[in-house]
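This report examines a single protein chain, with attention to burial, charge pairing and aromatic rings. The sequence and the structure are shown first.

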Amino acid sequence: MLDFWQWGFSKILTNNLRGIFAEFLIGTALGCLNQLRVEWDAFDLVYKGMKIEVKSSAYIQAWHKEKYSNISFSIGAKKEYDYETNKYSPTVKRNADIYMSFVY
């Protein structure tokens, strides 16, 4: 398992791993990693019944850039995807109670 992780997932500056790592750090700090992570879920963690959406970004990217990236996050309302029905909800809303940002 360690060889697999080192080979494929040790570069946490990539967009997808950076977000997962931020979710893991916040979930560990809050002690709420008791459920498996669901990719593309409407929120990332549940803490004391509250849904948490973790946003992450970095000034320095895994690919070459001439300047630092601009940091911005969107927490606007959107449709929730239901994995049991494979459909989006008809209503647009904020799907988390708490939004946390993590900047590298």
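In this predicted model, Ser-57 has a relative accessibility of 10% and therefore counts as buried, since buried means under 20%. Ser-57 belongs to strand β2. Apart from neighbours within four places in sequence, Ser-57 is in contact with Arg-18, Ile-71, Phe-73, Phe-102, Val-103 and Tyr-104.

One of these partners, Arg-18, is a buried residue of helix α2. This helix covers residues 15–30, which makes 16 residues. From its first C-alpha to its last, α2 reaches 23 Å, close to the 22 Å expected at 1.5 Å a residue. The buried residues of α2 are Leu-17, Arg-18, Gly-19, Ala-22, Glu-23, Ile-26 and Gly-27. In an α-helix there are 3.6 residues a turn, so residues three or four places apart point the same way. The cover over the buried residues of α2 includes α1 (2–8), β1 (45–47), β2 (50–57) and β5 (98–103). After α2 comes Gly-31, with a positive phi near 70°.

Side chains of opposite charge can pair when their charged atoms come close. The count of salt bridges in the model is 3, and they are listed below with the separation of the closest N and O atoms.

| Residue | Partner | Closest N and O atoms |
|---|---|---|
| Glu-23 | Arg-37 | 2.6 Å |
| Arg-37 | Glu-39 | 2.6 Å |
| Lys-55 | Glu-53 | 3.7 Å |

Because Glu-23 lies in helix α2 and Arg-37 in the loop between α2 and β1, their bridge ties together parts that are 14 residues apart in sequence. Glu-23 is buried, with a relative accessible area of 8%, whereas Arg-37 is partly exposed at 39%. Glu-39 is also partly exposed, at 42%. Shared partners join Glu-23, Arg-37 and Glu-39 into one network. Lys-55 and Glu-53 are both buried.

The aromatic residues remain to be described. A pair of aromatic rings is described by the distance of the centres and the angle of the planes. The model contains 7 aromatic pairs. In one of them, the ring centres of Tyr-81 and Tyr-83 are 5.0 Å apart and the planes stand at 80°, so this pair is edge-to-face. Tyr-81 is partly exposed, with a relative accessible area of 24%, and Tyr-83 is partly exposed at 36%.

Ring pairs also link Phe-4, Trp-7 and Phe-9 into a cluster. Phe-4 is located in helix α1 and, at 44% relative accessibility, counts as partly exposed. A nonpolar surface patch of about 810 Å² is made by Met-1, Leu-2, Phe-4, Trp-5, Trp-7 and Phe-9.

Technical notes: Residues are numbered from 1 along each chain as its sequence is written. Side-chain values use heavy atoms; hydrogens and water are left out. Helices (H or I, at least four residues) and strands (E, at least two) are DSSP runs, numbered from the N terminus. The expected span of a helix is 1.5 Å times one less than its number of residues. Buried means under 20% relative accessible area, exposed over 50%, partly exposed in between (1.4 Å probe, protein chains only). Contact means heavy atoms within 4.5 Å. Patches are made of residues with over 30% relative accessible area and no salt bridge: like charges are joined within 9 Å, nonpolar side chains (Val, Leu, Ile, Met, Phe, Trp, Tyr) within 5 Å. Accessible areas come from the Shrake-Rupley method with a 1.4 Å probe; for residues, only the protein chains shown count as cover. A salt bridge is a side-chain nitrogen of Lys or Arg within 4 Å of a carboxyl oxygen of Asp or Glu. Rings of Phe, Tyr and Trp (its six-membered ring) pair if their centres lie within 6.5 Å; planes under 30 degrees apart count as stacked, over 60 as edge-to-face and the rest as tilted.
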